[in-house]
Amino acid sequence: MARHNRADSASSSSSVSSASSSSGSEVSTPPSTPPQISGKRGRDAPNPSDKEGRKSKKARRSRHKELTPREQCIHVARWIPRGLDMFCDLKQVIQVCLLLEQEEAAEDGDETEEEQIKAACRKILDEFDYLTCARYKRTFEYVMEHAPYLGELIGKKKKREELKQLITEMQSMINHTCSEDASRLKSRMGSYAAPFPNKQVVQPVIAEDSKSHSRMGFNHPELAKMLCPVKYLVDYLKDPAKTNKKIQSGSLKVTAALWPAYLYPGDKPGQDFDPDNIIEGLFRGYLLERVTKHIFTSPSSALTTGVSNGTRPGNAKIHGMSKVDAEHIAYAAVQARFGISSLDKWNDKDGYFHYSDFYTRITRLIRNRNLDGEWADSLLAHYNEILFGNENGAKPSHSENIDCSDDDDMIAMERQLAARALRASRAADPTPTQSSVPQQEPRQDPLPPLPQRPTPESPIALAPVNSCNDAQRAVSPLPPSSPQESVSNTPVISSERNIVSALVDDLFNDDSPLTEEEEPEVIQPAKRGRKGGKAVKAPTRTTKRKSRK
């Protein structure tokens, strides 16, 4: 029944205001001491005598280094739409995943529940198909791993209100991230949508600071070609006015079931489209590639070739993204279409076109390995090459030159030190070993006499043959006899975390003996006696000092 109670606690919601960004406090300087202007970008130079100002700045820097548990949850929420699920309903994700875990535990026989509860759980889960449940589980596992504070609140009655508020704040951040990325992309579409932006931007020019985007979308002659369904692009190029009139009237419905032309490559997107091979070139248009780099690396890298080497880390590096998945491409495709549309504010619906349906169709197409696995692998490798410069994904920063070891001074230095240590060990121990000295021909010297047969009375018979090795083993710590013994001494962190089980509840409980810290031993120094100057040993552990008579 613990899983059912947790699902009930996660299912209820409350209307709580979203987390507002904290604004820094302004400090006014006295009129007698005007601010000193430094030579770096007109910033105010710090006053050497202002110790409190330096301390406050140092405190602000220290606050930004580590996030509080709640701030870490909000930080994870910013990544959910970009890398996990753009249209995530966090409360629904938690509820469905808890019901799935409860159902799995009931099937395994871990819990005994009434048939009515099982039927109620099954009725709720029947509303979601297998692919939707799989997407919910990926999101749930990522959130539980990177935002463990949320998992601590689930199932605790005293923390129920805090859980509701935190889920509301995270959901608000998910929605805010989508609208924030969309608004920032709108102002750059005049360059991103042009095939050669260094020569000419999109004509007619799109005003970057315009608050109204009514002249974009199908009202713009160039952007309309990119938004037009690729299967109707030939008709649109022959008679743009007639085709556009059909679209505006609704006789030609533009829905998410029709791939737009900007998803295909070419200076004129979709010009090489083959109706008999629709998948050829899909998701390789230059607009989609530029938007992907804008979101996951940096806006300055969108119009450049190669990997970005900016001074500030991008979203991919901040959130530990090491390779491109289907959700990344789908998120960029949705943002690219919204960026060239005529909508002013972020909305799921644009006429007959639903962005949530468009997003789901893209993710399922790329993840469906049964359809064409080679095409999906080639597409992901293509975007890995664009973002990370490697078709397999991002490499660690210390292993960029690992392939060319001849030009790596670190590898050459390690080899030299290893060879030097080997020569030093040979010089210190002149006795040849089997590994260092090659085997020689057997000499014709007479054999030494055989040792006497050991007897039970002889203590030497109990000693092993190689006493030197035994001495070394006595000094060095003994290794564990089995892998289980070595693992038992270290805390085990499971990748698949079951927050519904009673064991994890006990681990997060403050009264649990597992979280109780050991008290350090108090060692008193030796006391000197009054007579004779002899030292008197004090007890190693003392709780009270005994009174002397």
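This is a short chat about the predicted model shown above.

Q: Hi! What kind of model is this, and how are residues numbered?
A: Hello! This is a predicted model, where local features need pLDDT of at least 70, side-chain atom pairs count only at pLDDT 80 or more, and totals for chains, interfaces and linings use all residues. Residues are numbered from 1 along each chain as its sequence is written, and side-chain values use heavy atoms, with hydrogens and water left out.

Q: Great. How many helices and strands does the chain have?
A: The chain has 21 helices and six strands. Both are DSSP runs numbered from the N terminus (helices are H or I with at least four residues, strands are E with at least two).

Q: And how much of the chain is buried?
A: Of its 549 residues, 33% count as buried. Buried means under 20% relative accessible area, exposed means over 50%, and partly exposed is in between, using a 1.4 Å probe and protein chains only.

Q: What about the accessible surface of the whole chain?
A: That comes to about 37900 Å², and 51% of it belongs to carbon and sulfur atoms. Accessible areas come from the Shrake-Rupley method with a 1.4 Å probe; for residues, only the protein chains shown count as cover.

Q: Where is there a nonpolar patch on the surface?
A: Met410, Met413 and Leu417 form one, with about 290 Å² of accessible area together. Patches are made of residues with over 30% relative accessible area and no salt bridge; like charges are joined within 9 Å, and nonpolar side chains (Val, Leu, Ile, Met, Phe, Trp, Tyr) within 5 Å. Met413 sits in helix 18 (residues 409-428), and its relative accessibility of 40% makes it partly exposed.

Q: Now the opposite end. Why is helix 13 called largely enclosed?
A: Because 11 of the 11 residues of helix 13 (residues 286-296) are buried, it is largely enclosed by the rest of the structure. Among those buried residues are Tyr286, Glu289, Arg290, Lys293 and Phe296.

Q: Changing topic: which salt bridge involves Asp85?
A: Asp85 and Arg135 meet through their side chains in a salt bridge, at 3.1 Å from N to O. Asp85 lies in the loop between helix 3 (69-84) and helix 4 (90-108), while Arg135 is in helix 6 (residues 130-146), so the pair ties together parts that are 50 residues apart in sequence. Asp85 counts as buried at 2% relative accessibility, and Arg135 counts as buried at 15%.

Q: What's the rule for a salt bridge, and how many are there?
A: A side-chain nitrogen of Lys or Arg has to be within 4 Å of a carboxyl oxygen of Asp or Glu. A search of the whole structure finds 15 of them.

Q: Which partner does Glu222 have?
A: Glu222 forms a salt bridge with Lys225, with the closest N and O atoms 3.8 Å apart. They are three residues apart in helix 10 (residues 221-227), so about one helical turn separates them. Glu222 is partly exposed at 36% relative accessibility, and Lys225 is partly exposed at 30%.

Q: How many disulfides are there?
A: The count comes to zero, where a disulfide is a pair of cysteine sulfur atoms within 2.5 Å. The sulfur of Cys133 is 7.9 Å from the closest cysteine sulfur, in Cys97, which is too far for a bond. Cys133 is buried, at 11% relative accessibility.

Q: Any news on aromatic rings? How many pairs are counted?
A: The count is 13 aromatic pairs. Rings of Phe, Tyr and Trp (its six-membered ring) pair if their centres lie within 6.5 Å; planes under 30 degrees apart count as stacked, over 60 as edge-to-face and the rest as tilted. Trp259 and Phe283 form an edge-to-face pair, 5.6 Å centre to centre with 80 degrees between the planes. Both Trp259 and Phe283 are buried. Phe283 and Trp375 form a tilted pair, 6.2 Å centre to centre with 45 degrees between the planes.

Q: Last one: what does His319 touch?
A: Leaving aside neighbours within four places in sequence, His319 is in contact (heavy atoms within 4.5 Å) with His75, Trp79, Arg82 and Tyr142. His319 is found in the loop between helix 14 (315-318) and helix 15 (326-340), and is buried, with a relative accessible area of 13%.
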